[in-house]
Amino acid sequence: MSVTENLSLISSRVTTAFAAKSATAPAAQAPRLVAVSKTKPKEMIIEAYAAGHRHFGENYVQELVEKSGDAEMLEKCPEIKWHFIGNCQANKAKAVMKCPNLSIIETVTSTKLATKLNNQADKNSKIGVLVQVNTSGEANKNGLEPSEAIETVKFILEKCPNLKFSGLMTIGNLGNSLAASNVGENPDFSTLSNVRKQVSEATNISEADMELSMGMSNDFEEAIRMGSTNVRVGSSIFGARNYPAAAKESETSGGVTSVGDIETVTKNMQNLSAC
């Protein structure tokens, strides 16, 4: 099937899942579908854009920089909205924030990173940010502990005037979603919903005004049923990926040069493998 056909199929499944979602999972409209185009050529993105899609996600800083600034992309996809959904090191904040048509950064995991992003932001145009929460407790997943979310959100609201806090994001445990049909709701998605409620009570921001970005290719329908407002789907739209060598994806200026770098690369690849 073509990218256009896959996109139509996934969009239809999103609509169906939204119609069947829990009445207790607040979401005023069908969730946003972010087409995750990591490692895929620009021609595939242009095809999806021509089919009417606008929201695209990238996991790697350098890939986002290259694609967003590509002359053909700028000409043929003028209204594209980029989501950065990968691990963002503080020293890459400037590169990310300078990307044309950047819409939102979904992976803020510290007040340090929020500060760096805020300092590099255009004073005349706020960039949306989501706070990433590690809801499964897995060591190979990025994100704050659920108990740390309120403090980080308050920091963004009070100390980062150039950022727009837009909600929360998580990468749930796929096994929990696969088991949900037998044991009930995915506890990771329930945790993120509960964190949103706590953040709402602590900040007086309505839950309806906070995004929940949860759900990927293998569990986006379960996430939607549990109130997701933003799902990130890649391989089901663009096909299976051929990952580059780990050293190329280290996101460091000098490549993999230490045990720490190797651990970072390994963690990144584990985080991204299920999108």
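1. Strands (E, at least two residues) and helices (H or I, at least four) are DSSP runs, numbered from the N terminus. The model is a predicted one, in which local features need pLDDT of at least 70 and side-chain atom pairs count only at pLDDT 80 or more, while totals for chains, interfaces and linings use all residues. Residues are numbered from 1 along each chain as its sequence is written, and side-chain values use heavy atoms, with hydrogens and water left out.

2. I start with K81, a residue of strand 3, which spans residues 81–84. K81 counts as partly exposed because its relative accessibility is 37%, where under 20% would be buried and over 50% exposed (1.4 Å probe, protein chains only). Although K81 and L102 are 21 residues apart in sequence, their C-alpha atoms lie 6.0 Å apart in space.

3. W82 is also assigned to strand 3, and with a relative accessibility of 1% W82 is classed as buried. This residue belongs to the one aromatic pair that the structure holds. The partner is F56, and since the ring centres of F56 and W82 are 6.3 Å apart and the planes make an angle of 55°, the pair is tilted (centres within 6.5 Å; under 30 degrees would be stacked, over 60 edge-to-face). In terms of the chain, the pair links distant parts, with F56 in strand 2 (residues 55–58) and W82 in strand 3, 26 residues apart. F56 has a relative accessibility of 0%, so F56 too is buried. A reader checking the pair in the coordinates should therefore look at two quantities, as aromatic ring pairs are described by the distance of the centres and the angle of the planes.

4. A further ring contact involves a charge: the charged end of R54 sits over the ring of Y49, at a distance of 3.7 Å from the centre of that ring. The assignment needs CZ of Arg (or NZ of Lys) within 6 Å of the ring centre and within 35 degrees of the ring normal.

5. Where does Q62 belong in the fold? Q62 has its place in helix 3, a helix that covers 61–68, and its relative accessible area of 45% makes Q62 partly exposed. Along the chain, Q62 and V96 are 34 residues apart, whereas the separation of their C-alpha atoms is 8.6 Å.

6. T135 and M169 are best read together. T135 has its place in the loop between strand 5 (127–132) and helix 7 (149–159), and despite that loop position T135 is buried, its relative accessible area being 10%. M169, by contrast in its assignment, is found in strand 6 (residues 163–169) and is likewise buried, with a relative accessible area of 1%. The two residues are 34 residues apart in sequence, and their C-alpha atoms are 9.4 Å apart in space. T135 also has a side-chain partner, T170, to which its side chain is joined by a polar contact of 2.8 Å (N or O atoms within 3.5 Å, one able to donate a hydrogen and the other to accept it).

7. For strand 7 (residues 211–213), the residue to inspect is L212, which is found within that strand. L212 has a relative accessible area of 0% and is accordingly buried. The C-alpha atom of L212 is separated by 5.3 Å from that of T229, a residue 17 residues apart from L212 along the chain.

8. Two backbone angles deserve a separate look. Is T39 buried, partly exposed or exposed? T39 is partly exposed, because its relative accessibility is 25%, and T39 lies in the loop between strand 1 (32–36) and helix 2 (42–50). The phi angle of T39 is near 70°, which is a positive value in a residue other than glycine.

9. N204 is the other case that I would flag for its phi angle, which is near 65° and thus positive in a residue that is not glycine. N204 has its place in the loop between helix 9 (187–203) and strand 7, and at 73% relative accessibility N204 counts as exposed.

Note on methods. Rings of Phe, Tyr and Trp (its six-membered ring) pair if their centres lie within 6.5 Å; planes under 30 degrees apart count as stacked, over 60 as edge-to-face and the rest as tilted.
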